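The following note is meant for a colleague who is opening this structure without earlier acquaintance with it. The points are numbered so that each can be checked against the model in turn.

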Amino acid sequence: MEQEFWQARWRENRIGFHEAAPNSLLTRHFSRLGLEAGQSVFVPLCGKALDLDWLLSKGLRVTGVEFNQGAVEEVFARLELAPEVSRQDGLIRFQAGELTLYAGDFFALSPAHLGQVDAVYDRAALVAVKPEDRQAYAAHLNRITGTARQLLIGFDYDQSLMDGPPFSVPGSAVQALYQGSHGITLIEERAAGGRVGERCNALEQAWLLESLS
């Protein structure tokens with residue numbers, strides 16, 4: 001998924017996708033995931049999101065994956081955690097307490113890396129994937145998480161008005177990717193903020209995906 005593109009974004013601090021607070025759609029709709037303390041949530045392409053801290057505060061076991069090792073290290077430093085670091089199948093695993101983050105390629109993850117996954121929280125992952133790679137992304141995510149329940153946050157806008165990422169992922173795309181594995185419900189949509197909202201009339205949407213299996 002164009003690792004060098006994303007590494008360059010981090011090097012140049014062009015990380016407009018990083019939010020200065022936990023995402024309000026997460027905090028408002030978290031209960032829809034039906035998670036209890038001690039259960040596990042997987043956060044793909046997690047960056048250094050403050051959402052990780054918020055999920056940990058709910059007593060969850062949090063696992064994520066991120067291309068940029070510096071972003072992973074920054075999360076642990078922010079939380080004042082000293083992780084154990086090991087290499088596994090081309091990935092670098094950072095683990096402390098209830099937080100495990102892998103630095104490396106999302107597609108290198110296997111079910112064995114994640115163990116039991118009770119829910120997935122995807123805020124900046126699917127929208128970062130090129131449209132031609134979405135099917136492979138969704139299929140791999142389903143494979144490694146056992147089609148776990150998912151809170152998916154994305155954007156819907158006229159793609160001709162702005163080059164992604166973040167790419168527009170309209171409802172029709174969400175349906176095409178997940179209708180075979182999940183029941184799909186749009187639980188909120190609002191005007192998008194940030195760069196996307198400034199450049200085009202975009203909607204930010206929260207979807208609840210519930211496994212059919």
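1. In this predicted model, a good place to begin is Phe 107, which counts as partly exposed because its relative accessibility is 32%. Phe 106, by contrast, has a relative accessibility of 0% and therefore counts as buried. The ring centres of Phe 106 and Phe 107 lie 5.1 Å apart and their planes stand at 75 degrees, so this pair is edge-to-face, the angle being over 60 degrees. Ring pairs also bring in Tyr 137, so that Phe 106, Phe 107 and Tyr 137 are linked into a cluster. The count of aromatic pairs comes to four.

2. Tyr 137 leads on to helix H6, where it is one of the buried residues, the others being Arg 134, Ala 138, His 140, Leu 141, Asn 142, Ile 144 and Thr 145. An α-helix has 3.6 residues a turn, so residues three or four places apart point the same way. The elements that cover the buried residues of H6 include the strands E1 (40-43), E6 (119-122), E7 (149-156) and E8 (182-191), together with the helices H5 (111-114) and H7 (171-178).

3. Does the length of H6 agree or disagree with what its residue count would suggest? The helix has twelve residues, 134-145, and at 1.5 Å a residue these should span 16 Å; the C-alpha atoms at its ends are 16 Å apart, which agrees.

4. The stretch after H6 deserves a look at its backbone angles. Gly 146, which follows the helix, has a positive phi near 65 degrees, and Thr 147, although not a glycine, has a positive phi of about 50 degrees. Thr 147 is placed in the loop between H6 and E7, and it is buried because its relative accessible area is 17%, under the 20% cut-off. Another residue other than glycine with a positive phi is Leu 45, at a value near 45 degrees, in the loop between E1 and helix H3 (51-57); with a relative accessibility of 16%, Leu 45 counts as buried. Such values merit a check, because most residues other than glycine have a negative phi, and most peptide bonds are trans.

5. The loop between E7 and H7 holds Pro 165 and also Pro 166. The peptide bond that joins Gly 164 to Pro 165 is cis, with omega about 0 degrees, and the bond from Pro 165 to Pro 166 is cis as well, with omega near 0 degrees.

6. Pro 131 sits in the loop between E6 and H6, and at 40% relative accessibility it counts as partly exposed. Its C-alpha atom is separated by 8.8 Å from that of Ser 168, although the two residues are 37 residues apart along the chain.

7. How many cavities of 30 Å³ or more does a search of the whole structure find? The search finds one, and the space in the largest cavity is about 30 Å³. Its lining is made up of Ser 40, Val 41, Phe 42, Thr 63, Leu 114, Gln 116 and Val 117, with the largest share, three residues, coming from E1. By class, four of the lining residues are nonpolar and three are polar, while none is charged.

8. Among the lining residues, Thr 63 belongs to strand E2 (residues 61-66) and is buried, its relative accessible area being 14%. Beyond its neighbours within four places in sequence, Thr 63 is in contact with Val 41, Phe 42, Val 43, Thr 100, Leu 101, Tyr 102 and Leu 114.

How values were computed. Residues are numbered from 1 along each chain as its sequence is written. This is a predicted model: local features need pLDDT of at least 70, side-chain atom pairs count only at pLDDT 80 or more; totals for chains, interfaces and linings use all residues. Side-chain values use heavy atoms; hydrogens and water are left out. Helices (H or I, at least four residues) and strands (E, at least two) are DSSP runs, numbered from the N terminus. The expected span of a helix is 1.5 Å times one less than its number of residues. Buried means under 20% relative accessible area, exposed over 50%, partly exposed in between (1.4 Å probe, protein chains only). Contact means heavy atoms within 4.5 Å. On a 1 Å grid over the protein atoms alone, a cavity is a set of points where a 1.4 Å probe fits but cannot get out, and a pocket is an open set with protein on both sides within 12 Å along at least five of seven lines; lining residues have an atom within 4 Å of a point. Grid points are joined across faces, edges and corners, and a volume is the space filled by probe spheres set on the points. Ala, Val, Leu, Ile, Met, Phe, Trp, Tyr, Cys and Pro count as nonpolar, Asp, Glu, Lys and Arg as charged, and the others, Gly among them, as polar. Rings of Phe, Tyr and Trp (its six-membered ring) pair if their centres lie within 6.5 Å; planes under 30 degrees apart count as stacked, over 60 as edge-to-face and the rest as tilted.
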